[in-house]
Structure formats: C-alpha cells, structure tokens
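Biologist: I would like to learn how to read the cysteine links and the nonpolar cores of a model, so could we go through them one after the other?

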Amino acid sequence: MVMAQESGVSFSHKNWELVCDNTNTCRAAGYSDGDESTGSVLFTRLAGPGTVPTGEVTLGDIESDGANPVAALTLWINDKSIGAVKAAADDTWRLSEEQTRAVISAVKGSSRVEFRGGPSPFVLSGDGASAVMLKMDDVQGRIGTPGALARKGDKPESSVPAAIPAPVIQAVKVAKAQERPLTAPEIAALKPKLLATLKPDDCDRLQPSADRDEEGEEAITLTPLGDKHAVISALCWRAAYNEGYGYWVIDSALQEAPVLVTTLGSDYGEGVISYSQKGRGLGDCWGMGSWVWDGQTFRQSSEATTGMCRYIRLGGTWSLPTFVADVKPAQ
C-alpha cells in the first residue's frame, strides 16, 4: 500500500510555478510577463496512469473592480483562433481538452498564446513553462512515458505510480466553552513550559525581553476542548501586515507539558486552528493552512498558497495546496 507523504513539492521558474500536494496532484500556474500580470492559466493533473491535465484561466480584476464583467473570452495561438473559452461559475474560464493540449504545446516553444475579450489582452508567457512541465512529470513519475508533458518516451503508461491516498482525519466534537484569560499565577507556572517548546525566534512576544503593548503583559488564553484537554493561545509576533498566534494543546489541569501546534495561527474555533497570512500588504497573494482536533491532538488538514504575487486578484489568484486531508465531520 502506498502511504501518504508528509508534504508536497513547490517549484518556480521565471513566469511559471508548480505546486504538488501530498497525494501527488500537481498544479502548474503561468502568468504574463512583468510584476503585474493581466491573467493566469492553471493546469491541474491528478497523479496516476492515464490522467490528463485540465486547464482554466482567470483574468486580472483589481483595476476593473469587477465593474465590467467579461462577456466572452477566446484563445488565440500565433494569431489563429482556437475557439471560445467556456465560462465557469467561479469567475474563471475552462479550457477544453483540445485547448489545454494546444496551450501546453505552445508555451513549451516560442508560440504566442493570447486570451482576448478581457479589459486588456492577456498574453501568456512561456518563460519557465518547460522547466515546470518537466518538474511535474518528474514528481508524478511520467518522464519517458507517452503521457509526459515535457519528455515523452515509450515506457508503458502503467509504470506511472498511483496517486497517494490523502490522510484521513476523524474530527472530534469539542466542548462548547468560552475562551478565558489565564490568571497571573497560571501564567507564571505555564510560561516556562510554553517557552520550552519554542525555538528562540518562534514567538518573540512571549520572550522575557519582548517589548510589551501599553496594557502590559500579553494575554494568554485557554479554551477547553473537552474534559481532559484544552487549547492555549498567545500572540507570538506582529509584522507590517500579519500577526501570528501560538497554539498549544495541554491537559485541563495545566500540569503536563504543552504540545505546540503552530506559531502562525490566525484563529481557533470549533476544533479547528487556522492561519491566513498575506504575501504582501496589497493582499493579492496569501498562504493558509489548518489543523483539526481528533480527540488527542491537532492534525494538519490543509496547507496552500494562492500563487505568485502578480496583482491579479485581491484574495489571491488560485488555490495551490501542498497538503490535503480527508476530514470526516465530527459526529
């Protein structure tokens, strides 16, 4: 049986990037030249023999603010129309299988790929595409097979490794309890234990020499998870446009050693710790992730980015996961 791997693969070259998750599903995103792209194309391919990539397109909408929605989009390669691109419900456009093959072939060479119909033409760069396609083939074990994107061969398609199953997490229902601040004696007893779980730069706000806000000591809070466990939270760091909280699991009596979950946290609620951090102040690129309570510990359930910071969409361009899990809802 093929076992789940711990994390995925990320790779970028010039105007293209590749992100493969822990099941070996791979996503390759391409952009136009320059720091402000007019759009992006995403190719997604499941792991395993016999799968084919699917393609989708998104257009930049920061400047237009969605005021004038695009009515029609067409694909052109070397100034020859390859047909209309089908609109999808999520403000993206879906390439047909034929269009997907045509674009992949074109960006590996010197052909001009253009999408017309938006506020401004979107010319897809080919710079970096070949390297990213080759890396995708390598991660999925396709090099030398007929289905390879970059380096085809006559190895049988059956030699391609199967997809790796996503880990299964059975979420456990948590207590309906309110967060409370720890008392001064509780903090004095617990803080050394929290610091013992950290590297020196992990959580500056908890360090004895850390500068304090005007109100003084940073609050450390406790939220019960059930009769036996609780989650501890404390602000760890602040930057120009992000902040991160530390989250720990501890016994309800606060006697045992706390177990660190993350120092990137943004929120906790109903058995889920999550984070969402901007790649830059504008908010056009993000990183995010989550952990789910399984009754004993918080297990990682997701990790992703939204792709390069290319001024395409506020909130990010794509969802490019490096880690996925099959989370079973709490009963």
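Biologist: How many disulfides does the structure hold?

Modeller: A disulfide is a covalent bond between the sulfur atoms of two cysteines. Here the term is applied to a pair of cysteine sulfur atoms within 2.5 Å, and the structure holds 3 disulfides. This is a predicted model, in which local features need pLDDT of at least 70 and side-chain atom pairs count only at pLDDT 80 or more, while totals for chains, interfaces and linings use all residues. Residues are numbered from 1 along each chain as its sequence is written, and side-chain values use heavy atoms, with hydrogens and water left out.

Biologist: Which pairing results when the bonded cysteines of the chain are numbered in sequence order?

Modeller: The pairing is 1-2, 3-4, 5-6.

Biologist: Why is the disulfide of Cys20 and Cys26 right-handed, and are these two cysteines buried or exposed?

Modeller: The torsion about the S-S bond of Cys20 and Cys26 is about 105°, so this disulfide is right-handed, and its sulfur atoms are 2.0 Å apart. Buried means under 20% relative accessible area, exposed means over 50%, and partly exposed lies in between, with a 1.4 Å probe and protein chains only. Cys20, at 0% relative accessibility, counts as buried, and Cys26 is buried with a relative accessible area of 0%.

Biologist: What parts does the disulfide of Cys203 and Cys236 tie together?

Modeller: Helices (H or I, at least four residues) and strands (E, at least two) are DSSP runs, numbered from the N terminus. The sulfur atoms of Cys203 and Cys236 are 2.0 Å apart, and the torsion about their S-S bond is about -90°, so the disulfide is left-handed. Because Cys203 lies in the loop between helix 3 (184–196) and strand 14 (220–224) and Cys236 in strand 15 (residues 229–238), the pair ties together parts that are 33 residues apart in sequence.

Biologist: Where does the link of Cys285 and Cys309 stand on burial?

Modeller: Cys285 counts as buried at 1% relative accessibility, whereas Cys309 counts as partly exposed at 29%. With 90° about the S-S bond, their link is right-handed.

Biologist: Which residues touch the most other members of the largest nonpolar core?

Modeller: In soluble globular proteins, nonpolar side chains tend to be buried together. A nonpolar core is a set of buried Ala, Val, Leu, Ile, Met, Phe, Trp, Tyr and Cys residues joined through side-chain atoms within 4.5 Å. Of the 29 residues in the largest one, Trp16, Val57, Val113 and Phe115 touch the most other members. The largest share of this core, 5 residues, comes from helix 2 (residues 129–140). A second, separate core of 16 residues includes Leu182, Ala230, Cys236 and Trp248.
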